[in-house]
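Here is a protein model to read slowly, term by term. For each name we give to a part of it, let us ask what earns that name.

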Amino acid sequence: MLLYPNCKINLGLRVTEKRPDGYHNIETVFYPVFGLCDVLEVNHSLRTDDIIFEEDGHVLDCAPEDNLVVRCYRLMREAYGAIGGVEVKLRKRIPFGAGLGGGSSDAAYMAYALNELFALGLTREALADTVSRLGADCAFFLFNTPCYATGIGDVLRPISVQLQGMRLVLLKPDEAVSTQEAYQGIVPKALPHLLPDEDMQEIGIREIMTFRNDFEPSVFASHPKIAAVKEALLRAGARYAAMSGSGSTVFGLFEDDAEGSADAKLGRLDEEMAAMIIFNDTLR
């Protein structure tokens, strides 16, 4: 079975409260990006009753046994039992530690693959409940539709996000920001909410332009190169630019038009920061 785990961006991110368990409650809008994907191949194994795991592409800074794909296999096998041996190949195209959710997406797609291969008959909701034990945003990738997320990012409500026809550009500087580092610079604030009306059913670029990412002030202070990437996107004409999650990827939303003015602006951005651009396409 061949699958293509996609990434996501965060359209705004508020950190509202530190919980007694040490985690933080947040408000964000998860938006799936299907044009930047890993490649995950999962097949029955005739060589083992366990997992054989291979990876290439972006080198991850963890042991294979700690990879979320392997951890998902262990968790699913413990929870459901009727899972045999598999051979798994993962090609990493989504940068890790980038605020794009690549590892969480890999885990979610792995859960889906195991459900199909071994005919477990689990609903998407049951799979989401299982993979959420591996990471707060894992469940999102089983639904893969724009969602307003609260709690620790695990309480999801679908929301319509109207960005069709806009150009999305993702830039990943050669910087790393750990989630722990990002949260250390945060003072949670319950107000104002990300959405003025938490029951909003639809947002577009005008609403998104009022959003902010609470991680940016402290992360930008210690990582000025990431701040410079956001400024470059705004200079190039982005209607909105922000860091995704805790970074270090920064994205810009551009008006795409028939006259090609967006291409001209992006051409200047490409000259300035070509090595950082990891995705550039029109949203559909």
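**Pockets, cores and cysteines**

In this predicted model, β3 and β14 (277-282) each give at least two residues to the lining of the second largest pocket.

Q: Which element supplies the largest share of the lining of the second largest pocket, and how many residues is that?
A: The largest share comes from β3, which supplies 5 residues. The lining has 15 residues, and those closest to the centre of this pocket are Y31, P32, F34, L283 and R284. The volume of the second largest pocket is about 240 Å³.

Q: What makes a residue part of the lining of a pocket?
A: A residue counts as lining when it has an atom within 4 Å of a point of the pocket. By that test the largest pocket has 47 lining residues, with G101, S104, D137, T179 and S246 nearest its centre, and α2 gives the most to this lining, with 4 residues. The space in the largest pocket comes to about 1,400 Å³.

Q: How are the residues that line the largest pocket divided by class?
A: The lining has 20 nonpolar, 17 polar and 10 charged residues, while the lining of the second largest pocket divides into 8 nonpolar, 5 polar and 2 charged.

Q: Why is C138 called buried?
A: The word buried is used for a relative accessible area under 20%, and C138 has 0% relative accessibility, so C138 counts as buried. C37 has a relative accessible area of 12%, and therefore C37 is buried by the same cut-off.

Q: How do you know that C37 and C138 form no disulfide?
A: A disulfide needs two cysteine sulfur atoms within 2.5 Å. The closest cysteine sulfur to that of C37 is in C7, at 7.1 Å, which is too far for a bond, and the closest to that of C138 is in C72, at 7.9 Å, which is also too far. For the structure as a whole, the number of disulfides is 0.

Q: What makes a set of residues a nonpolar core, and which residues have the most contacts inside the largest one?
A: The members must be buried residues of certain kinds, such as Leu, Val and Met, joined through side-chain atoms within 4.5 Å. The largest such core has 37 residues, and L40, V86, V88 and M110 have the most contacts inside it. Among the elements that each supply at least two residues of this core are β4 (39-44), β6 (86-92) and α2 (102-117). Another core, of 30 residues, lies apart from it and includes V29, L163, L168 and L170.

How values were computed. Residues numbered from 1 in each chain as written. Predicted model: local features only at pLDDT ≥ 70, side-chain atom pairs only at ≥ 80, totals over all residues. Heavy atoms only, no water. Buried < 20%, exposed > 50% of the residue type's maximum accessible area, 1.4 Å probe, protein only. 1 Å grid on protein atoms, 1.4 Å probe; cavity = no way out; pocket = protein on both sides within 12 Å on 5 of 7 lines; lining within 4 Å. Points joined across faces, edges and corners; volume = space filled by probe spheres on them. Nonpolar A, V, L, I, M, F, W, Y, C, P; charged D, E, K, R; others polar.
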